[in-house]
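Here's a set of short exercises to work through with the structure open beside you. Try each task first, then check the steps below it.

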Amino acid sequence: MTQPEPAQPRHTADELRAAETARDAWAAEAATQTLRAETAEAELAENTGVLQALRRQRDTAEAERDAARNALAEIRALHTHGRITNTCNDCGEFWPCSTTQALDRHQTQETT
Ligand SMILES: [Zn+2]
């Protein structure tokens, strides 16, 4: 003859209410965290677009800077000192010619 199963412990009404309260708090926290994650994802997508636009602007500005540097180098290469006549070999002005003086006035550390 087998022994009867012992009675399972029963939860009290207070324990059930406490469990329901904990479950509701967890669900509210999960909803809050889901909203935060969705907001962060939206901000990330927006910032990624801004970053891509800034990179394109930087690339354009660098290309313009390089083109300007090349143009200045070509101009400087044309206006050279004619030592015998002490004039510019390109424009014929007395050395340094006005073009060379202008280039020298605006020469920056970076372009030297
Ligand atoms: Zn010149």
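**Exercise 1. Domains**

Into which domains is the chain divided?

*Solution.* Keep in mind from the start that this is a predicted model.
- Start with the split: domain 1 covers 24-78, and domain 2 covers 80-112.
- Next, take the C-alpha centres of domain 1 and domain 2, which lie 42 Å apart.
- Then look at where they meet: five residues of domain 1 are in contact with four residues of domain 2.
- Finally, sort the residues on the side of domain 1 that touches domain 2: three are nonpolar, two are charged and none is polar.

**Exercise 2. Overall layout**

List the elements of the chain from the N terminus on, and work out whether the chain is spread out or a compact globule.

*Solution.*
- Count the elements: you'll find two helices and two strands in the chain.
- Put them in order from the N terminus, and you get α-β-β-α.
- Now compare sizes. For 112 residues the globule rule gives 13 Å, but the radius of gyration of the chain is 39 Å, well over that, so the chain is more spread out than a compact globule.
- Check the spans too: along its principal axes, the C-alpha trace covers about 130 × 30 × 20 Å.
- Last, look at burial: 4% of the 112 residues of the chain count as buried.

**Exercise 3. Helix α1**

Compare the span expected for helix α1 with the distance between its end C-alpha atoms.

*Solution.*
- Helix α1 takes in residues 13-78, which is 66 residues.
- At 1.5 Å a residue, helix α1 should span 98 Å.
- The end C-alpha atoms of helix α1 are 97 Å apart, which agrees with that.
- What about burial? Zero of the 66 residues of α1 are buried, so the helix lies largely in the open.
- Pick one residue as an example: glutamine 57 is found in helix α1. It has 10 C-beta neighbours inside 10 Å, and the cut-off for exposed is 12 or fewer, so glutamine 57 counts as exposed.
- Now go from glutamine 57 to proline 6: they're 51 residues apart in sequence, and their C-alpha atoms are 77 Å apart in space.

**Exercise 4. Two backbone oddities**

Which two residues does a cis peptide bond join, and what is the phi of asparagine 86?

*Solution.*
- Here's the background: most residues other than glycine have a negative phi, and most peptide bonds are trans.
- The cis bond joins tryptophan 95 and proline 96, with omega about -5°.
- Proline 96 sits in the loop between β2 (87-88) and α2.
- Asparagine 86 isn't a glycine, yet its phi is positive, at about 55°.
- You'll find asparagine 86 in the loop between β1 (81-82) and β2.
- Asparagine 86 is exposed, with 10 other C-beta atoms within 10 Å.

**Exercise 5. Aspartate 90 and threonine 108**

Find where aspartate 90 lies and what it is in contact with, then do a distance check on threonine 108.

*Solution.*
- Aspartate 90 is in the loop between β2 and α2.
- With 15 other C-beta atoms within 10 Å, aspartate 90 is partly exposed.
- Skip its neighbours within four places in sequence, and aspartate 90 is in contact with Leu78 and His79.
- The C-alpha atoms of aspartate 90 and leucine 78 are 5.9 Å apart, although twelve residues separate the two along the chain.
- Move on to threonine 108, which lies in the segment after α2 (98-105).
- Threonine 108 is exposed, with 6 other C-beta atoms within 10 Å.
- From threonine 108 to alanine 71 is 37 residues along the chain, and their C-alpha atoms are separated by 15 Å.

How values were computed
Residues are numbered from 1 along each chain as its sequence is written. This is a predicted model: local features need pLDDT of at least 70, side-chain atom pairs count only at pLDDT 80 or more; totals for chains, interfaces and linings use all residues. Domain bounds come from an automatic or database domain assignment. Two residues are in contact if their C-beta atoms, placed from the backbone, lie within 7 Å. Ala, Val, Leu, Ile, Met, Phe, Trp, Tyr, Cys and Pro count as nonpolar, Asp, Glu, Lys and Arg as charged, and the others, Gly among them, as polar. Helices (H or I, at least four residues) and strands (E, at least two) are DSSP runs, numbered from the N terminus. The expected span of a helix is 1.5 Å times one less than its number of residues. A residue is buried if 20 or more other C-beta atoms lie within 10 Å of its own, exposed if 12 or fewer, and partly exposed in between; C-beta atoms are placed from the backbone. The radius of gyration is taken over C-alpha atoms; the globule rule is 2.2 Å times the number of residues to the power 0.38.
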